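Good morning, and thank you for making time for this item. I would like to take you through one structure, with the sequence and the model on the screen.

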Amino acid sequence: MAVKNSFTTSSLLHLSSSSGLSLINKSFMCSTPIKNRYSTKSTTNTSFGINGSSRYRPISVQAMASSFGSRLEENVKKTVAENPVVVYSKTWCSYSSEVKSLFKKLGAQPMVIELDELGPQGPQLQKLLERLTGQHTVPNVFIGGKHIGGCTDTVKLYHKGELEPLLSEANAKSTQS
C-alpha cells in the first residue's frame, strides 16, 4: 500500500544573473512528510502531480534548498579562508561595534558582513554560522581562517595579549598602525 505524504515549503530558490541568489515566496508540495514545528503531529496531505494525477510527483524543493545551503556554506568557508579577519555582525549590535572598534584601534581592517543588511539571506547565514561554529550570536569573529568566538572571546584575547600576535600571523594588521 503506497501512502503519499507531502509538506508545504514557503521558500524557493531563484537564480538571477544580475542579483545573484534570492528567495521567492512560493508554495510547493513535496513528497516528503515533515512535522509541524508547533505540533507533535506529522503534517500529511495528498500530493498531486500534473493535471491532478498522482502518477507524477512534484519537484523536490529539499534538493534545491540543500544545494542553496551548501553553496552558502562554501561561500562562508571561502570568505573566511581568503580574508585575514572576518566579522559577521549586525549594524545595531553594540557587541559587534565594540569588536569592530577594537580591530580599528589595532590597525586591522576586517571583512565585515552585516547580517541585518542581507535581507532574507541574513537569518539563513546566521543559522549556518551557528551550525558551523556552535555560536548563534553576533559578532562571529574569524582570524586567519579560525573561529575565534564573539565579543567576549575577542576582548579576552586582547587583554591576555594574544589578539595582536594572531592578527600579525594572519597578516591582518595594516602597515600604518
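I shall speak about a sheet, the helix packed on it, an aromatic pair, and a further helix.

Please bear in mind throughout that this is a predicted model.

Let me begin with the sheet. It is an open sheet of 4 strands, in the order β6-β5-β7-β8, and the pairing is mixed. At its edges are β6, residues 111-114, and β8, residues 146-149, each of which pairs on one side only. On average, neighbouring strands are turned by 20° against each other, with direction ignored.

The mixed character can be followed strand by strand. β5 and β6 run in the parallel sense, paired over 4 bridges, and here Val86 has Met111 in β6 as its bridge partner. The chain passes from β5 through α2 to β6, and this β-α-β crossover is right-handed. β7 and β8, by contrast, pair in the antiparallel sense over 3 bridges. In that pairing, Ile143 stands opposite Lys146 in β8.

Helix α2, residues 94-105, packs on the sheet and touches β5, β6 and β7. The direction of α2 makes about 160° with that of β5.

I turn now to the aromatic side chains. How many aromatic pairs does the count give? The count comes to 1 aromatic pair. The ring centres of Tyr88 and Phe142 are 6.0 Å apart and the ring planes are at 80°; because planes over 60 degrees apart count as edge-to-face, this pair falls in that class. The pair links distant parts of the chain, since Tyr88 belongs to strand β5, residues 85-89, and Phe142 to strand β7, residues 140-143, with the two positions 54 residues apart in numbering. Are these two residues buried or exposed? Tyr88 is buried, at a relative accessible area of 1%, and Phe142 is buried as well, at 7%.

Finally, helix α4, residues 151-159. Its buried residues are Cys151, Thr154, Val155 and Leu157. Viewed down the axis of α4, these residues fall within an arc of 155°, and they therefore line one face of the helix. Lys156 and His159, on the other side of α4, are exposed. What do the buried residues of α4 pack against? Their partners are α2, β7, β8 and α5, the last spanning 163-169. After α4 comes Gly161, with a positive phi near 80°.

To close, α2 appears twice in this account: it packs on the sheet, and the buried residues of α4 pack against it.

Methods
Residues numbered from 1 in each chain as written. Predicted model: local features only at pLDDT ≥ 70, side-chain atom pairs only at ≥ 80, totals over all residues. Heavy atoms only, no water. Phe/Tyr/Trp six-rings, centres within 6.5 Å; stacked < 30°, edge-to-face > 60°. Buried < 20%, exposed > 50% of the residue type's maximum accessible area, 1.4 Å probe, protein only. Pairing = 2+ DSSP bridges. Axes fitted to C-alpha atoms, helices over the stretch in contact; angles between N-to-C directions. Contact = heavy atoms within 4.5 Å. Right-handed = clockwise from strand over helix to strand, strands pointing away. Arc of directions from axis to C-beta.
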